[in-house]
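Here are some exercises to try with a structure on your screen. Work through each task before you read its solution.

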Amino acid sequence: MDSSEKLQPVPTTFCPNLKTDSKEKIKAVIFDIYGTLLISSSGDIDQASLNKDNMRAAMEAGGFDLSNCKEETCSHLLEQLQEQVKKQHEALKSKGIPFPDVDIFEVWQGMFEAAENKGLLKLSGSESWADIIMVFELLSNRVYPMPGMKEVLLEIKNMGLPIGIVSNAQFYTPIIMNYFLTGKFSTDQHITLFDEDLSVFSYKELRAKPDTALFDKIIPVLSNKYNIEPSETIFVGNDMLKDVYTATKAGVRTVLFAGDERSLRLREDDQRVKGMFPDFIINDLKQLAKIIG
């Protein structure tokens with residue numbers, strides 16, 4: 001992570017809208033991560049670029065002996081990655097979860113067991129799945145803090161507002177965020193500056209946005225811990241469906257982050273967002289201070 005390539009957002013043509021008709025004061029701020037707080041080279045966590053070189057590098061980081069690794073092994077593992085994700089999605093949907101997220105450790109173990117059964121590799125039992133998965137992710141979907149990320153979070157924190165997260169994410173996401181916020185590597189799953197009780201990650205719930213059940217986890221906390229109503233809360237995200245639609249359904253006011261062409265998702269062909277408008281639009285995280293007032 002020390003050698004993370006610096007990324008810059010790709011500007012959009014959107015003009016900010018920092019005014020609203022509501023007179024309710026904003027008392028809490030909840031964020032999406034990928035494409036909003038983090039620049040994502042692929043635009044989102046689930047759109048990583050898959051290639052064999054990244055797989056070999058990840059296997060090496062996880063303790064695999066690659067001396068006898070066949071060329072077809074990496075190709076098979078990449079095919080299995082998509083197959084195992086699909087398999088878990090179908091299993092979770094059969095249990096009534098409309099927008100599932102996977103247990104990424106089960107996915108990767110399933111990939112390698114399938115390769116072992118095919119005679120393409122031999123598992124020793126000492127492999128580090130966390131290292132393999134994290135290195136593959138860092139190589140396949142490069143990320144970097146959105147300009148002003150840390151400064152804006154500190155400013156909101158200093159205003160005394162609780163800060164939360166509702167994000168489609170995996171176990172490595174808090175590790176990456178903490179590294180960019182503190183400069184230190186830590187496996188802590190609590191991201192500094194954010195209220196742990198207001199931090200909801202899809203990988204822990206096995207549900208992903210646009211499932212509004214993720215917001216059901218934070219609404220009672222806002223009420224019981226801070227006496228804050230959903231209408232006094234803003235959710236900041238880059239996706240009209242996963243962020244604006246989902247937060248609106250939960251009664252939370254919305255801020256569309258339109259500061260990076262890579263990640264801006266307007267979903268114009270999706271009927272669920274037809275006629276829907278965010279309460280605010282920003283193209284720079286620093287504009288949040290003007291909205292909060």
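**Exercise 1.** In this predicted model, find the buried residues of helix H5 (residues 149-158) and work out how they are arranged around the axis.

*Solution.*
Step 1: The buried residues of H5 are Met149, Val152, Leu153 and Ile156.
Step 2: These residues lie on the same side of H5, because they cover an arc of only 100° around the axis.
Step 3: A general rule helps here: an α-helix has 3.6 residues a turn, so residues three or four places apart point the same way.
Step 4: Now turn to the other side of H5, where Glu151 and Asn158 are exposed.

**Exercise 2.** List the elements that the buried residues of H5 pack against, then look at what follows the helix.

*Solution.*
Step 1: Four strands are packed against by the buried residues of H5: E1 (28-31), E2 (38-40), E3 (143-145) and E4 (163-167).
Step 2: Helices H6 and H11 (288-292) are also packing partners of these residues.
Step 3: After H5 comes Gly160, with a positive phi near 90°.

**Exercise 3.** Is Leu193 buried or exposed? Locate this residue and check its phi as well.

*Solution.*
Step 1: Look in the loop between helix H6 (172-182) and strand E5 (199-201), where Leu193 sits.
Step 2: Its phi is positive, about 80°, although Leu193 is not a glycine.
Step 3: Leu193 has a relative accessible area of 17%. Buried means under 20%, so Leu193 is buried.

Notes: Residues numbered from 1 in each chain as written. Predicted model: local features only at pLDDT ≥ 70, side-chain atom pairs only at ≥ 80, totals over all residues. Heavy atoms only, no water. Helix = DSSP H or I, 4+ residues; strand = E, 2+ residues; numbered from the N terminus. Buried < 20%, exposed > 50% of the residue type's maximum accessible area, 1.4 Å probe, protein only. Arc of directions from axis to C-beta. Contact = heavy atoms within 4.5 Å.
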